[in-house]
Amino acid sequence: MTPETTRADECRAAGAGSAAAVAIGGAAAAQAGAENFPVALRVLPRRYRRDLAAVYGFARSVDDMGDEAAPGQRLELLDELEADIGRLYQKVRWAGAPGPGGTGNEPGPAGDGPRLPVVRALARTVVTCAIPAQPFLDLIEANRQDQVVTRYRAFADLLGYCRLSANPVGRIVLHVFGAATPSRAELSDLVCTALQLAEHWQDVAEDLRAGRIYLPAEDLAAFGVTETDLAAASASAPVRALIEFEVRRARELLDQGAPIVGTLRGAARAAVAGYVAGGRAALAAITASGHDVLAGTPKPAKRRIAAELAKAYLSGR
């Protein structure tokens, strides 16, 4: 079967699923073995790699629909994806997977299944790991927010965005490992928020080119930084001071959440230690750049990530 035939078959199988949604989902799934998020999957048992790859394919699809699709299509595609998540949970509810607002024990017809391949790929994971729908819906809502909100007044507003864009991923991961508890969810939220902030501080220049500024307006004003300053080829002293402040704040959140590693064992401990290590290495890379995130995107060396991983795994934090 040729790639062209495969894409056509997927579009037909998706029913009312748009060709654009199918194409974006297919591209996201294809990248699940090649980018930063899945690197840790290679050392995990196969059953976890499979489930996390399905989750990553979905998360990447949501981001691509919100960032890469034609601007006029983005909200429509996100609506389509949300409707398909609804169809997925209606279909699998009989198996004990909680649907939106439900416990997973409600009787009811199976209904039509999901139409998009990237959502169908989640079905087994949702059932076997008992993942609720809300984290998936929150990821979609975060990308809806990106279409209408391009600036954040206060740090608290940015944290609200992270609760939708980052924290759901950590909660899903805990379910995949059968380790979801309220106390771990709270620690996971701190780690995931810190990871999201680290990514924003790495990508200040890139985000500005896309028309977005995640640095809170109140912080820009406090450090005397203007949007024109952020468009420069390299960071001025006030910009560097601002980024140093934001890095310190993200590191504090990461350190507060890191003890989650010590509550886990085996593959779960290795995976979550990997996330903590990635965040620490990213923040260290920003610091090593002199906090100049405008001249280029600071990237951590693999050896630094490996060292941080060993440290987090062994220390439990």
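Is Arg144 buried or exposed? In this predicted model, Arg144 is buried, with a relative accessible area of 14%. I shall begin with the overall architecture and then return to Arg144 and to the other charged side chains.

The protein chain contains 16 helices and zero strands. It has 317 residues, of which 47% count as buried. The chain exposes about 14300 Å², and carbon and sulfur atoms supply 55% of that area. Turning to contacts, among those with a separation of 6 or more, 72% are between residues 24 or more positions apart.

One example of two residues distant in sequence is the pair Arg115 and Ser18. They stand 97 residues apart along the chain, and their C-alpha atoms are separated by 9.4 Å. Arg115 is placed in the loop between H4 and helix H5, the latter spanning 117-120. With 27% relative accessibility, Arg115 counts as partly exposed.

I now come to the salt bridges, of which the count is 14. Three of them deserve individual description.

The first topic is Arg144 again. Its side chain meets that of Glu82 in a salt bridge, at 3.0 Å from N to O. Arg144 belongs to helix H7, residues 134-148, and Glu82 to helix H4, residues 74-92, so this pair ties together parts that are 62 residues apart in sequence. The two partners may be set side by side in terms of accessibility: Arg144 is buried at 14%, whereas Glu82, at 30%, counts as partly exposed. The pair also belongs to a network, in which salt bridges that share partners join Asp79, Glu82, Glu141 and Arg144.

The next pair is Arg212 and Asp67, whose side chains meet in a salt bridge at 2.9 Å, N to O. Arg212 lies in the loop between H11 and helix H12 (217-222), while Asp67 lies in helix H3, so the pair ties together parts that are 145 residues apart in sequence. Here the arginine counts as buried, Arg212 having 10% relative accessibility. Asp67, in turn, counts as partly exposed at 31%.

Helix H3 also holds a pair within a single element. Arg60 forms a salt bridge with Asp64, and the closest N and O atoms are 3.0 Å apart. What separates these two residues along helix H3? Arg60 and Asp64 are four residues apart in this helix, which covers residues 46-67, and therefore about one helical turn lies between them. In this pair the acidic partner is the buried one: Asp64 has a relative accessible area of 9%, whereas Arg60 is partly exposed, with 21%. The cut-off for burial is under 20% relative accessible area, so the value of 21% places Arg60 in the partly exposed class.

Finally, I turn to charge on the surface. Which residues form a negative surface patch? The patch is made of Asp63, Glu68, Glu199 and Glu206. One of its members, Glu206, lies in helix H11, residues 204-209. At 44% relative accessibility, Glu206 counts as partly exposed. Membership of a patch requires over 30% relative accessible area and no salt bridge, so Glu206 satisfies the area condition with its 44%.

To close, I would recall two of the links described. Arg144 and Glu82 connect helices H7 and H4, and Arg212 in its loop is tied to Asp67 in helix H3. In both cases the arginine is buried, at 14% for Arg144 and at 10% for Arg212.

Conventions:
Residues numbered from 1 in each chain as written. Predicted model: local features only at pLDDT ≥ 70, side-chain atom pairs only at ≥ 80, totals over all residues. Heavy atoms only, no water. Patch = residues over 30% accessible without salt bridge, like charges linked within 9 Å, V, L, I, M, F, W, Y side chains within 5 Å. Areas by Shrake-Rupley, 256 points an atom, 1.4 Å probe, with all protein chains shown as cover. Salt bridge = Lys/Arg side-chain N within 4 Å of Asp/Glu carboxyl O. Lys, Arg positive; Asp, Glu negative; His and termini not counted. Charge placed at Lys NZ, Arg CZ, Asp CG, Glu CD. Buried < 20%, exposed > 50% of the residue type's maximum accessible area, 1.4 Å probe, protein only. Contact = heavy atoms within 4.5 Å.
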